[in-house]
Amino acid sequence: MSNQSAFSDISSPLPVAIIGAGPVGLAAAAHLVRNGETPVVFEAGESVGASILRWGHVRFFSPWRYMLDTQAVSLLEETDWRKPDGEDYPLGHDLVEQYLVPLAQVPTLAPHLHLNTRVLAVTRLGYDKMKTSGREEAPFVLRVQRANGDEEDILARAVIDASGTYEHPNPLGAYGVPALGERTFHQHIFYGIPDVLGRDRSRYAGRRVLVVGSGHSAFNALLDLAELACQEPGTQFFWAIRRKEVGQLYGGGENDELAKRGHLGARLQHLVESGQVRLLTNVSIQKLAQTAEGIQITGFEELPAVDEIIATTGFRPDLSLINELRLTLDPAVESPVALASLIDPNVHSCGTVPPHGVDELTHPEANFYIVGMKSYGRAPTFLMLTGYEQVRSIVAALTGDWESARRVELELPETGVCSVDGGSCCSPTNNEAENAGCCAPSSPRPVQVPVTLGVRQFSRNRLPLTTQGNCCD
């Protein structure tokens, strides 16, 4: 699509632009195609699911049946695609190679996908943020940059931003900004989930490693490091979290309806209680400095000197490309205001989010929507099925089917530790990101579960939960 042709006939039907070709972005495209609409999908990476491929070695703790969008599957079933076993647990690579790549190759979708194309900005044709009269009738303009550096403007009648947050990790610093020296040591800090037992093995073998963060990404890294320490003598690792008390840090255990997630927390709890993982609580990282012993980390207490740091501290949205639009974002969570009240981790425990759709995701900028992980802003525990339901509702609204758009239903398994009822530990003074699951479970109810962050699957005969001893026994 050229810049000239896009502007030459504005009266012709315009596509719905989708930013990001991950699971939720491609699901949005599938729903649009099924409703007779024309999508145009822009993906900054070289492949669909580019961010997922960065942690493709990680196995999900939710099975395939939680990974697939219904309309996407209906398109795939018109080809020779083989649907994965719904009870199997895919790696990140599997999700891309067995689902997203075949979906991107469906004849009704493939012509509308633009890889290696980054969206730099979104605005309205002829309107900056200050202009109002006639604004809603003006098409959107997406400034995109191709792989060769060329820029062009593309018109669209609506925009769905599914660009995610993975490229924008939270810093190690305790105050929302990088710690002193953090930028200096960036080559020794991995943000996310490294392939400790594979591609990144040499980086951590025989080294001293600090893992920072209290979510499932940290669990994954720590279990991998435990395995590495068995195989590579001299490998040492430490675990730092900001919370003062452990509480229900390890999750719901046997009460978790996703057994592999419950088993993950139980395995890590055993490592900590057996002394194989040194857990440091109430850590507030303020400064990194080079010493003769290694990287010295200063916080409320002085941490051991280390060689490498793994930051599993979460992610935040990049709002720079949409700052010329009129958005209603919560000042703290950075999600749509109506959604923020449902997901604010200061109020809600570990992801108990009611189903939601177009109404909660609407902004003053008509026909612009943020979906997927980016819709959650800085809040944790987004899940893939939630994103699929979001785009189903939005596409129904864009095609005029408001009854369907507002009929939002989603039931998912219990985590075993969650509650939205409140209680002293769930008051707004507590940060759920560091106090996940502190509340007692409420009566059974459908809750959302984080299936977008995976964990490596280990054999059950290693590290038995009922015995102490060396991790290689």
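Two strands pair if DSSP finds at least two bridges between them, and strands (E, at least two residues) and helices (H or I, at least four) are DSSP runs numbered from the N terminus. The model you are looking at is predicted, so local features need pLDDT of at least 70 and side-chain atom pairs count only at pLDDT 80 or more, while totals for chains, interfaces and linings use all residues. Residues are numbered from 1 along each chain as its sequence is written, and side-chain values use heavy atoms, with hydrogens and water left out.

**Exercise 1.** Work out which strands stand at the edges of the open sheet E8-E14-E9-E10-E11.

*Solution.* Start with the order: five strands, E8-E14-E9-E10-E11, with parallel pairing. Strand E8 (189-191) and strand E11 (278-280) each pair on one side only, which makes them the edge strands. From one strand to the next, the twist averages 20° (axes are lines fitted to C-alpha atoms, for helices over the stretch in contact; angles run from 0 to 180 degrees between N-to-C directions). Next, look at E8 and strand E14 (residues 308-311): three bridges join them in parallel. Here Phe-190 stands opposite Ile-310 in E14.

**Exercise 2.** Find which strands helix H7 lies across, and how Phe-219 and Trp-239 are arranged.

*Solution.* First, helix H7 (residues 216-231) lies across strand E9 (208-212), strand E10 (236-240) and E14, at about 160° to E10. Now turn to the rings of Phe-219 and Trp-239: their centres are 6.0 Å apart and their planes at 90°, so the pair is edge-to-face (centres of Phe, Tyr or Trp rings, for Trp the six-membered one, within 6.5 Å; planes under 30 degrees apart are stacked, over 60 edge-to-face, the rest tilted). Because Phe-219 belongs to helix H7 and Trp-239 to strand E10, the pair ties together parts 20 residues apart in sequence. Finally, check burial: Phe-219 is buried at 2% relative accessible area, and Trp-239 is buried at 0% (buried is under 20%, exposed over 50%, partly exposed in between, with a 1.4 Å probe and protein chains only).

**Exercise 3.** Trace the other open sheet, E3-E2-E1-E7-E15, and the helix that packs on it.

*Solution.* This sheet has five strands in parallel pairing. Strand E3 (113-114) and strand E15 (368-370) have a single partner each, so one side of each is left without a neighbour in the sheet. Helix H2 (residues 23-34) packs on this sheet, touching strand E1 (16-19), strand E2 (39-42) and E7 (contact means heavy atoms within 4.5 Å). The direction of H2 makes about 165° with that of E1.
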